[in-house]
Structure formats: C-alpha cells, structure tokens
Amino acid sequence: MSLAIDDAAWASAWRLRSPADKLLLSVGLVVSALVLPVWPGTLLAGLSAVVLALGPARVPARTFGRAVRLPLTFIVVGALTAVVEVGSGGLGWAPDAAARAGALVGHGLAGSAAVLLLATTTPMSDLLPELRRLRVPAAVVEVASVVYRLLFVLLSSLTTIREAQTARMGYSTVRRSYRSSGVLAAAVLTRSWDRARRLTDGLAGRGMETGLRVLPEALPSSRPFLAATAAGLAALAAVTLVLS
Amino acid sequence: MHIAEGFLPPAHALGWTIAAAPFVVHGARAVTREVRENPESTLLLGAAGAFTFVLSAIKLPSVTGSSSHPTGTGVGAVLFRPPVMALLGTVVLLFQALLLAHGGITTLGANAFSMAIVGPWAGYGAYRLTRRCGGGLLGGVFAGMAVADLATYVTTSLQLALAFPDAQSGYLGAAVKFLGVFAITQVPLAIGEGLLGVLLFRVLTVNARPELERLGVLAPEPVAGAGSGAPSPASGTDGGEEDRG
C-alpha cells in the first residue's frame, strides 16, 4: 500500500536536495500566494510551484494534477458560501461576488500547489529531522517518525481486510457496511498495538534505552539553489508590485 | 474536511496558530515526559497516531447514499485523552497536509484548533458526562464520537465565519451560512461516526479488554477467569491473511 504523493517524493529528481532548501522555497511560495495580490502575485506563485514541480523536480503531471484537485471541493464550496449574502430579502450574491470568489479560489489553489511542491519532492522521513532544527522536542519527532513508519503497514492491513470483507458481501447493505467498518477499525487498532508491542520487544532485545536514534542521510544545502530561491521570490514580489 | 492551504487570510491563520499553540505545547510536554519515563511508549503513541491517520481512510456509508470519512478525534480522545490528542492530532494533520493534500501548512493552526483541540475536548466531555449519567461505555462512546465530529465542523464553520463576515448581516449571518453548509449537513455523518464508535468498542471489549483496562477505559474485572492464558490482542477478527511486512 502506498500513497501517490509519497511515491512521487521518493522518485523526485529533487529527492537528494537539502530538505531545508526545499522547505524555504515552498514556504516562500506559500507566503507569496497568501500575501501578494491575487493578480498577478498569487497566480505567479502558483504557476511557479507547478512549473518547478513538473519541470526540474520531474514530478509526474498526473500525480500533481490529481493532488491539486483534492482540496478543490472545499475551496469552491467555501468560496461560494463566503460570497453569498444573507439579507432581509433572503439570499443573494454579494456585489463583488465573482472577484472575491475568484480571489479565494486563487489563493487556495496557489497555496495548495506551493505546499505540494514540498510534499511531492521531500519524503516525510527527510522532513521530520528538520523539525528538530525548529526546536520541536526530540520525543515528538520520534513519535512522528513512528507514525510515518507504521501508517503504511496499517494502510496495507486496512486494504487487505476490506478486500476480504467485500468478498464476503460485507458491504452489500448499509447495515452490513457499518458492521464491517466497525470490525475493520477494531482490527486495525488491535493490529497497531500488536505492531508497537512487537517493535518494542525487538528493540528491547537490542538494548534500546534512549530513543530511536538513526543516522540521517547527509543532504547538503546548495548555495546556487538558495540564491535562485531568493532571487526568484524577490522577482515575484517585484513583478507583482509593478503590475498591480 | 479541513481548511485548505491559502484559504484563510494571513492574520487569521496566524491568530489560530497562536490560539492552538499552548494546547499543542502542553501535549508535547506530556508526551516528552511520558517518553522519558517509559521509552517504549514512543511506539505506542506512534501506533495511536498512525491509527488516527488510517481511520480517516475508512469510508462510512451515509443514509443519502454518499460516503464520508470519520474524523477519528473522538476515538482518540476516549482512548488516549484530549491533551495527548492535541499533539497527535496536530501531527496527523501535518501528515494529511503533506501526504494527502488535505489541509495545509498556514491553516495547520486553525485545523489543529478545531480537530485536535475542540473536537477531542468536546467529545471527551460528552463521553464522561454520559458515563457519569449511567449511559455505560457504549452510550458514552456514541455521544463522545458524535459530539467530537460535530464540534470539529461547528468550529471550522465559525472560523470561516470570522474570516469572511457577511457584508449585510455581519458575523452572525456568516455563521448561519457556514454552519448551514458545513455543520448541519454533518449531523447525519456525526451520528454515523457515533455508530461506528459503538461497533468498534463492542469488538474491542471482547478482543482487546486488557488494552482498554490499561488505558483506563474499562475497570479491571474483579474475578479472574479460570483460563488465564495470555490474551492475544492481535485478533484477525473479520480479517484476511496476516500481513508479514
């Protein structure tokens, strides 16, 4: 069992770039998408994220396109609700409804694309050690690392059990679906405890005393990449200020 | 449903991050203390986080024919208590943002406030209250999970109303709009999540009683049974083949 975004991150051409460099670029684009005027700032930030992901980072367009579409339902429903007016005469559109809804959809899509640039180029196991540099406690980073390592095992259990249930007509009616879902959740939960216990036993046998330290892969920062990031973000802001 | 990246104005995104921070920091301290005392609890807490993440991949059929996903915050609050859920929920939200494109980084604070803080606390309150009123474990779990689900969506709606007040009717009108779209539609799904909780705990009380006792959800049985073989929680229940990953 795998997740498309995680697969893309491991296969990306930027996989061996420093996670801190990619974090800086992605956060820069997210902030640009959020604070710059929609036209042209947000649009340019979103477009840069898409071009960088599909171009130099070589993320499959299909994966990136699908992932960008995921938050779209929330963005569109949220934006439409925000621009409907509740007045004495009932519901109606706000005077600048189209512009405001467009701005909200723009911010949402560009922001999502900028986060996806990081998500599709950096596996969680590279990103989590970076949290230590942001002064997140070691225990929390370790718990998060265990979550990352266990969730694929549990997702694969979930898929296998659900297939078996489906083959036994477990989802043929609403009533049965509920029963099967309850049993499925219980099986996955008890399995997660069992996994944790077996891992604990295994580590105790190897003398675990102080946490789960592993040697992180050395992914050095690149000066040209950082310079290009700074120059690109500055150019983005400058173009936006001139054009708007 | 989480608030998507870029959707909240910067001041609101920052404000909700500051509002969520004390709860998450408190949870982080609790986890750090726990891990220092028992290093093996790292793995149990990680398993709890992974389960919360995976729970959102279970589809719940709704009466209208569509399907939805449980928020999972209620189960976590009942099993692991709200302070731990504040941290685990935030970690899960970060994973959902980066692995499922669900939620975002600047909206992490707002989403953590609704899903990792308000949802678990409201659900845990409903669970304790129902049990104290004699509702029993399953009654408590139903109330806890349904309330946690609904409270999460009510909070999200109010966050959106604060960010986008109605031009004519102000914050109140906006709250009515967003509650109508995101919270009222959630009522049947919250009941569905409550039912899922009842079914889940019915299985757990049979298959994983020692774990529920250890977590303090069930009181230890006073009389030990005759057959005292070590109970195995790794039940295959309705499952397929054992995975050997």
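The domain bounds used on this tour come from an automatic or database domain assignment. The model itself is predicted.

**Stop 1: the two domains of chain A**

Select residues 4–122 together with 218–243 of chain A; this is domain 1. Give residues 135–205 a second colour for domain 2. Put a marker at the centre of each domain, taken over C-alpha atoms. The two centres are 32 Å apart.

**Stop 2: chain A as a whole**

Switch to cartoon. Chain A shows ten helices and two strands. Follow the chain along its sequence and the order reads α-α-α-α-α-β-β-α-α-α-α-α.

Now zoom out. The C-alpha trace of chain A spans about 65 × 55 × 30 Å along its principal axes. Its radius of gyration is 23 Å, whereas a compact globule of 244 residues would have one near 18 Å. Of the 244 residues, 43% count as buried.

Which contacts link positions far apart in sequence? Among contacts in chain A with a separation of 6 or more, 76% join residues 24 or more positions apart.

**Stop 3: the core**

Select A:Ala114, A:Leu116 and A:Val147. These residues have the most contacts inside the largest nonpolar core, which has 154 residues. Next, select residues 136–163 of chain B. This is helix α6 of chain B, and it gives the core its largest share, 15 residues.

Why does this core lie between domain 1 and domain 2 of chain A? Both domains give residues to it, so its place is between them.

Stay with A:Val147 and show its surroundings. Leaving out residues up to four places away in sequence, A:Val147 touches B:Gly46, B:Gly49, B:Ala50, B:Phe53, B:Val91 and B:Phe95.

**Stop 4: where chain A meets chain B**

Show both chains. Here 81 residues of chain A are in contact with 70 residues of chain B. To see which elements of chain A take part, select these in turn:

- α1 (4–11), α2 (19–35) and α5 (72–83), each supplying at least two residues of the side that touches chain B
- β1 (84–87), a strand that also supplies at least two residues
- α6 (97–119), α8 (138–167) and α9 (174–205), again with at least two residues each

Keep α9 of chain A highlighted. The largest share of the side that touches chain B, 23 residues, comes from this helix. Then colour that side of chain A by residue type. It divides into 51 nonpolar, 21 polar and nine charged residues.

**Stop 5: backbone details**

Some residues deserve a close look at the backbone. Most residues other than glycine have a negative phi, and most peptide bonds are trans.

Go to A:Trp39 and A:Pro40. The peptide bond that joins them is cis, with omega about 0 degrees. A:Pro40 sits in helix α3 (residues 38–54) of chain A.

Move on to A:Arg58, in the loop between α3 and α4 (61–69) of chain A. Its phi is positive, near 50 degrees, and the residue is not a glycine. Is A:Arg58 buried, partly exposed or exposed? It counts as partly exposed because it has 16 C-beta neighbours inside 10 Å.

Finish at A:Met169. Find it in the loop between α8 and α9 of chain A. A:Met169 is not a glycine, yet its phi is positive, about 65 degrees. With 10 other C-beta atoms within 10 Å, A:Met169 is exposed; the cut-off for exposed is 12 or fewer.

Terms used. Residues are numbered from 1 along each chain as its sequence is written. Chains are lettered from A and ligands numbered from 1 in the order in which they are written. This is a predicted model: local features need pLDDT of at least 70, side-chain atom pairs count only at pLDDT 80 or more; totals for chains, interfaces and linings use all residues. Helices (H or I, at least four residues) and strands (E, at least two) are DSSP runs, numbered from the N terminus. The radius of gyration is taken over C-alpha atoms; the globule rule is 2.2 Å times the number of residues to the power 0.38. A residue is buried if 20 or more other C-beta atoms lie within 10 Å of its own, exposed if 12 or fewer, and partly exposed in between; C-beta atoms are placed from the backbone. Two residues are in contact if their C-beta atoms, placed from the backbone, lie within 7 Å. A nonpolar core is a set of buried Ala, Val, Leu, Ile, Met, Phe, Trp, Tyr and Cys residues joined through C-beta atoms within 7 Å. Ala, Val, Leu, Ile, Met, Phe, Trp, Tyr, Cys and Pro count as nonpolar, Asp, Glu, Lys and Arg as charged, and the others, Gly among them, as polar.
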